[in-house]
Amino acid sequence: MHPYSMLSDDYFVNLNLCTEMTLPSSRDTVLNFFERVQKSFPSMRNFYNRGENGFILEEDKEEVGQQRWMSLETQRVCSGYFNPNDPDDCLTQHQLMLELVPYMLSVSPLDCEALDYIVGFDFSYRGNHDALVAEALGANQAVDSLLQIPGSRALNYEPSITLSLDDSCRCQARLMIETRTNAYQVRRDDFPDEQISVFFTLRQYGSLSADTRLEDTMYDLKAKSDQLMKDYVIDQVLRPLAQAISTK
C-alpha cells in the first residue's frame with residue numbers, strides 16, 4: 001500500500017488542462033473522445049451531460065471507494081482517479097488524456113492556459129473543522145492572539161499559500177485547506193461527519209513551446225510534486241491533521 005493511502009481517509013490524483021480557446025462541443029467530437037477513453041478503460045461506462053459543467057465519463061464507485069473519471073468542459077479537460085492503489089496508477093489515464101486532446105479536440109501547446117497536477121486528501125472529522133486546523137497547524141502570533149479572545153470560537157480558518165518555483169512565476173505550487181464547518185453548526189455545537197480537504201497543486205502557466213509535449217510537462221510537475229510532498233507537506237501538514245483528529 002502506498003504511503004498516501006495511509007495518510008488520510010481518502011485521496012485522489014487529478015490532472016486539469018485549461019485552454020485559452022473554447023473546446024469543441026459537437027455531438028460527434030464529444031462522443032468520439034469519450035469512446036476512445038472507454039476503449040482504454042472499459043470500466044468507465046457511466047456517461048453524463050452535466051449541462052453548463054460539460055460532460056463526464058466515470059466508473060462505478062467500487063466497494064473500496066476507487067473510481068476513475070474524465071470530464072470535458074468549455075475550456076477545461078480533467079482526468080481524475082479517486083483512491084488509487086498507487087499514484088503512479090493514474091499516469092496512464094492522465095497521459096491518455098493529454099495524448100488525445102491534440103488530434104481529437106484540436107488542442108495545441110500554444111492553446112495551453114495552465115496544466116495542473118493535483119494531489120488531494122480528505123479527512124473525515126465530526127467537529128469544528130476550523131478549530132481543528134488551527135490547533136493542528138498553528139498560526140502566526142497575530143492569529144493566535146485572536147483565538148485567545150474569551151468566548152471566541154473559530155468559524156473560518158482555511159490556510160492557503162501559492163509559491164512561485166521559478167523566476168518567471170510560470171511554475172507554481174499551491175497548498176490549500178478546505179473546511180466544511182458553518183456558523184449554524186458551531187452555534188448548536190452539533191457537527192456532521194464531514195471531510196476536511198487538503199489540496200496540493202503544481203501548476204504550469206501559459207503557452208508551451210511547439211516542441212514541448214503536454215505529457216512531458218505532466219511528468220515534470222509530478223516529479224516536483226512528489227519531492228515537495230515528501231520534504232514539506234506530509235510531515236508538516238498531513239500527519240499533524242491526522243494526529244489531531246486521532247486524539248479527539
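Biologist: In this predicted model, what makes you say that H2 and H6 meet?

Modeller: Contact here requires heavy atoms within 4.5 Å. Leu91, His94, Gln95, Leu98, Glu99 and Val101 of H2 meet Leu214, Glu215, Met218, Tyr219 and Lys222 of H6. By class, that contact holds 6 nonpolar, 2 polar and 3 charged residues.

Biologist: Which of those residues count as charged, and why?

Modeller: Glu and Lys belong to the charged class, so Glu99 in H2, with Glu215 and Lys222 in H6, are counted there.

Biologist: How would you describe the way H2 and H6 cross?

Modeller: Their axes come within 9 Å and cross at roughly 150°. Angles over 145 degrees count as roughly antiparallel, so this pair earns that name. H2 passes H6 in a right-handed crossing.

Biologist: Why is H1 called roughly antiparallel to H2?

Modeller: Helix H1, residues 27–40, packs on H2 at an angle of about 150°, with the axes 11 Å apart. Because the cut-off is over 145 degrees, H1 is roughly antiparallel to H2. The crossing of H1 past H2 is right-handed.

Biologist: And which residues make up that contact?

Modeller: On the H1 side you will find Thr29, Asn32, Phe33, Arg36, Val37 and Ser40, meeting Leu96, Leu100, Val101, Tyr103 and Met104 of H2. The tally is 7 nonpolar, 3 polar and 1 charged.

Biologist: Now H3 and H6: why is that pair called oblique?

Modeller: Helix H3 (residues 129–137) and helix H6 (residues 214–246) pack at about 120°, their axes 9 Å apart. Roughly perpendicular covers 65 to 115 degrees and roughly antiparallel needs over 145, so about 120° falls in neither class and H3 is oblique to H6. H3 passes H6 in a right-handed crossing.

Biologist: What makes up the contact of H3 with H6?

Modeller: Leu132, Val133, Ala136 and Leu137 in H3 meet Gln236, Val237, Pro240, Leu241, Ala244 and Ile245 in H6. That gives 9 nonpolar, 1 polar and no charged residues. Gln236 is the polar one, because Gln is in neither the nonpolar nor the charged class.

Biologist: How do you know that H6 is not straight?

Modeller: A straight helix of 33 residues would span 48 Å, whereas H6 spans only 41 Å between its end C-alpha atoms. H6 also bends by about 65° at valine 233.

How values were computed: Residues are numbered from 1 along each chain as its sequence is written. This is a predicted model: local features need pLDDT of at least 70, side-chain atom pairs count only at pLDDT 80 or more; totals for chains, interfaces and linings use all residues. Side-chain values use heavy atoms; hydrogens and water are left out. Axes are lines fitted to C-alpha atoms, for helices over the stretch in contact, and angles run from 0 to 180 degrees between N-to-C directions. Helices (H or I, at least four residues) and strands (E, at least two) are DSSP runs, numbered from the N terminus. Angles under 35 degrees count as roughly parallel, over 145 as roughly antiparallel, 65 to 115 as roughly perpendicular and the rest as oblique. A crossing is left-handed if the near helix is turned anticlockwise from the far one by less than a right angle, and right-handed if clockwise. The expected span of a helix is 1.5 Å times one less than its number of residues. The bend at a residue is the angle between axes fitted to the seven residues ending there and the seven starting there.
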